[in-house]
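Visitor: I'd like to talk through this protein with you, beginning with how its parts meet. Could you take me through it step by step?

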Amino acid sequence: MKAFFLSIFLVFTISGFSQSAQNSKSSLASNVAELEEFLKIAVPGDTILMANGTWDDAQLEIKVNGKKDLPVTIMAEERGKVFLEGQSSLKIGGSYIIVDGLIFQNGYTPDDAVIQFKINNDQIANNSRVTNCVIENFTQPSRETQDHWIEFWGRNNQMDHCYIAGKSNSGPTLRIYLKGNENINTHHQIINNYFGPRPRKGGPHAETMQIGSSETSMTPAYVNVANNLFYRCNGEVEIISSKSNFNNFKNNVFFESEGSLVLRHGNYANIDGNIFIGNDNSEFIGGIRVINTGHWITNNYFYNLKGSEFRSPLAVMNGIPKSPLNRYNQVTDVVAAYNSFVDTKSPWHFSVGSNVDKSEVLPASEIRSARPERVLIANNLVYNQEAEESPIVAYDTVDGVTFKNNILNYENKGPVQNDGIITKDFEVKKVSEYLYVPDQSFIDIYHGFDFETIEKDLLGRDRSENNSIGAIYLPVPENTNLFDKANYGPAWFQPEDVNKKGKVLKVTSSEEFLKKLEQANSGDILELAPGNYKLDTSVDIAKRLTIRSQDKKAKLKFTSANIAAFKMHPKGSLKLENIILEGNAESNAFETLDENMSVAYNLWIKDAEISDFNQLLKVSKGSFADTISIKNSNFRNLKQGIALAEEIDDKGEYNAEFVYITDSNFENIQNEVLNYYRGGYDESTIGGTLVFTGNTVKNSGTSRDTEILLRTRGVVNLEMANNTFIDNEVKYIAILWGAKGQEPVNNTLRNSGEIKVEENLKQKLMY
């Protein structure tokens with residue numbers, strides 16, 4: 001039965017093709033027109049070189065047919081020196097085609113995809129390959145415009161050794177289509193690629209990879225995703241969304257990626273030998289989420305994961321009885337064996353998404369009450385340096401799960417007790433960075449049905465003669481690397497270091513401030529001498545900058561009406577430290593562009609005094625802040641505070657991911673201090689995040705139209721503690737979402753409204 005998961009790599013070699021066919025040739029094209037002429041006369045074995053340089057607005061269509069041993073190759077004259085910029089795209093239609101060595105940058109596709117394995121429905125690519133290519137920050141001007149960077153169609157196509165990073169607009173980075181008989185049983189190969197950072201999007205439709213769709217989820221795909229690096233792919237809760245049958249995920253590395261490999265629809269996936277690495281800074285880094293039937297999850301290594309529920313290390317969901325294709329089918333007949341969990345917080349979560357208690361606000365068709373059945377958890381190793389209360393978090397009765405020979409180094413004190421969860425006294429040894437192995441072998445193995453087909457361990461070593469519990473058997477040679485970033489993507493390409501340290505630029509006058517601001521490079525610090533700086537123009541923030549005072553607080557006084565003091569652009573990142581900021585009561589302190597906020601911005605305010613503005617922060621629909629942080633600052637005489645409520649379509653989108661407001665004072669804010677909105681019922685969209693602690697709010701919400709001082713509707717993660725509210729004449733300080741565990745802690749209210757907890761929030765269904 002495991003033979004379904006065997007795949008054959010379609011690894012072509014380029015060298016020698018033009019010499020192997022009698023009439024094959026090599027040509028050099030200097031522009032699109034020349035390339036098209038060469039393609040018209042190309043024969044199997046030909047190579048067409050694209051001349052070094054920039055190809056602007058190049059919309060390439062490769063219509064040609066090679067042969068199995070004589071592909072037609074279109075490649076850069078020199079890899080990494082051919083740049084497709086502006087409105088460029090590549091479509092491939094035909095068979096046995098290789099595209100090699102191109103870079104897409106400084107632009108965006110005018111089509112549905114950057115690289116598409118078809119030209120139209122009659123010209124689909126088969127047996128073709130894209131290799132050694134780069135797509136970096138080639139994102140749409142508007143984050144709301146949907147596209148894909150790579151679209152797979154046809155059969156037996158391959159993408160390998162490519163670098164793909166920076167997509168911030170709507171739509172999966174890579175999408176595989178399974179519509180029609182010509183696009184099923186695909187055996188596509190996605191191997192040895194480097195999927196670089198995908199920024200947080202603030203809502204759904206930001207997967208790094210989607211294989212199929214709910215409508216085609218019962219079709220056989222046989223896609224092989226192997227030996228890829230997913231590096232900080234934080235777009236949304238699903239890094240990979242598998243929505244088809246018989247897919248294989250092997251030896252991939254998910255490094256500090258805030259999401260999970262999700263078996264969203266479809267059956268019989270094989271997930272073997274993958275590595276999931278978290279850190280101490282994020283509670284959103286997950287592992288594998290399981291839905292549907294027949295999956296095998298073996299030899300995977302989970303390290304330092306802090307995620308829970310939908311992003312837990314291993315999340316097994318509840319399903320909807322008689323579920324439609326686009327919702328959640330019941331989990332049945334799943335095996336999770338020979339996996340290792342090191343410093344993971346409660347590794348196993350069962351019946352994730354159970355929502356029987358929400359029948360008041362949800363229709364019966366949305367109630368996930370079908371518990372997992374015939375799930376086997378066997379021969380897994382769990383080590384935590386700090387003992388957890390339980391290895392299992394259960395959101396419903398765990399009666400369909402069998403546990404066999406799972407070894408833990410701490411006592412299971414949770415409510416789910418089972419003889420197949422065994423406590424042993426052992427430690428782990430650090431072999432290399434991120435790689436920890438037990439100091440002893442556990443060879444009392446459960447021999448389940450078909451377990452003899454689990455032939456290798458995580459490191460690819462034969463289990464037949466030397467086997468033990470966990471992903472890795474002992475001994476492990478010293479300095480064995482868990483993975484090496486150099487093994488992924490094009491060998492010639494190195495991603496730019498976006499966090500390189502900048503220079504300190506001293507400023508003593510308003511004129512010098514504006515001049516040095518324009519000259520500054522990303523990462524630079526503008527350090528202002530004490531004094532008053534009068535400005536009558538907006539300060540544009542389109543790069544990563546810090547503006548701070550040298551010693552005593554410098555004052556920036558903005559005198560012009562109806563313009564923002566600071567205008568946040570895409571990629572703009574501003575740290576404002578120890579500064580006095582004063583307006584004229586008509587303008588806004590911070591404001592985004594009205595449109596084309598293609599990439600997230602960031603705003604940090606620390607030890608600042610800000611007064612006499614219309615709004616503290618005004619944003620546009622489609623804009624998105626990754627982080628807004630306010631610390632130890634004072635705000636007074638504002639008509640409105642922070643407004644993050646332009647995404648009102650109730651489709652799961654929101655205007656900021658993380659909002660931290662701590663140890664600060666707000667006084668005389670006429671309307672809301674904060675309006676932070678996420679609409680639409682979709683529990684897998686588990687943002688945004690608000691921390692509002694240690695603040696004092698006085699004499700605010702005085703406008704007759706203001707009913708709630710802190711609006712947080714639909715925001716999932718919220719902490720409200722140790723705040724003081726004095727003389728705020730509103731009905732409510734805030735309305736919290738009890739079903740998400742939100743509760744006020746140690747807040748003081750004097751002559752102010754109440755903090756209400758609403759258990760179940762009724763929201764518009766997104767599906």
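**Domains and salt bridges**

Guide: Between domain 1 and domain 2, 25 residue pairs are in polar contact, both residues being at pLDDT 80 or more; a polar contact is a pair of N or O atoms within 3.5 Å, where within protein one must be able to donate a hydrogen and the other to accept it, and residues adjacent in sequence count only if both atoms are side-chain atoms. This is a predicted model, in which local features need pLDDT of at least 70 and side-chain atom pairs count only at pLDDT 80 or more, while totals for chains, interfaces and linings use all residues. Residues are numbered from 1 along each chain as its sequence is written, and side-chain values use heavy atoms, with hydrogens and water left out.

Visitor: Which element gives the most to the side of domain 1 that touches domain 2?

Guide: That is β56, with 9 residues; strands are DSSP runs (E, at least two residues), numbered from the N terminus.

Visitor: And where do the two domains begin and end?

Guide: Domain 1 covers 497-621 and domain 2 covers 624-767, with bounds that come from an automatic or database domain assignment.

Visitor: How much area is buried between domain 1 and domain 2?

Guide: About 2,200 Å² is buried there, and carbon and sulfur atoms give 49% of it; buried area is the accessible area (1.4 Å probe) that two parts lose on being put together, summed over both.

Visitor: How many salt bridges cross that interface?

Guide: The rule finds 2 across the interface of domain 1 and domain 2, a salt bridge being a side-chain nitrogen of Lys or Arg within 4 Å of a carboxyl oxygen of Asp or Glu. Lys621 and Asp649 form a salt bridge, with their closest N and O atoms 2.7 Å apart.

Visitor: Changing topic, what does Arg129 pair with?

Guide: Arg129 forms a salt bridge with Asp160, with 2.7 Å between the closest N and O atoms. Because Arg129 lies in strand β13 (residues 129-131) and Asp160 in strand β16 (residues 158-160), the pair ties together parts that are 31 residues apart in sequence.

Visitor: Is Arg129 buried or exposed?

Guide: Arg129 counts as buried, at 7% relative accessibility, and Asp160 does too, at 1%; buried means under 20% relative accessible area, exposed over 50% and partly exposed in between (1.4 Å probe, protein chains only).

Visitor: What about Lys557 and Glu582?

Guide: They form a salt bridge with the closest N and O atoms 3.0 Å apart. Lys557 is partly exposed, at 21% relative accessible area, whereas Glu582 counts as buried at 18% relative accessibility.

Key:
Helix = DSSP H or I, 4+ residues; strand = E, 2+ residues; numbered from the N terminus.
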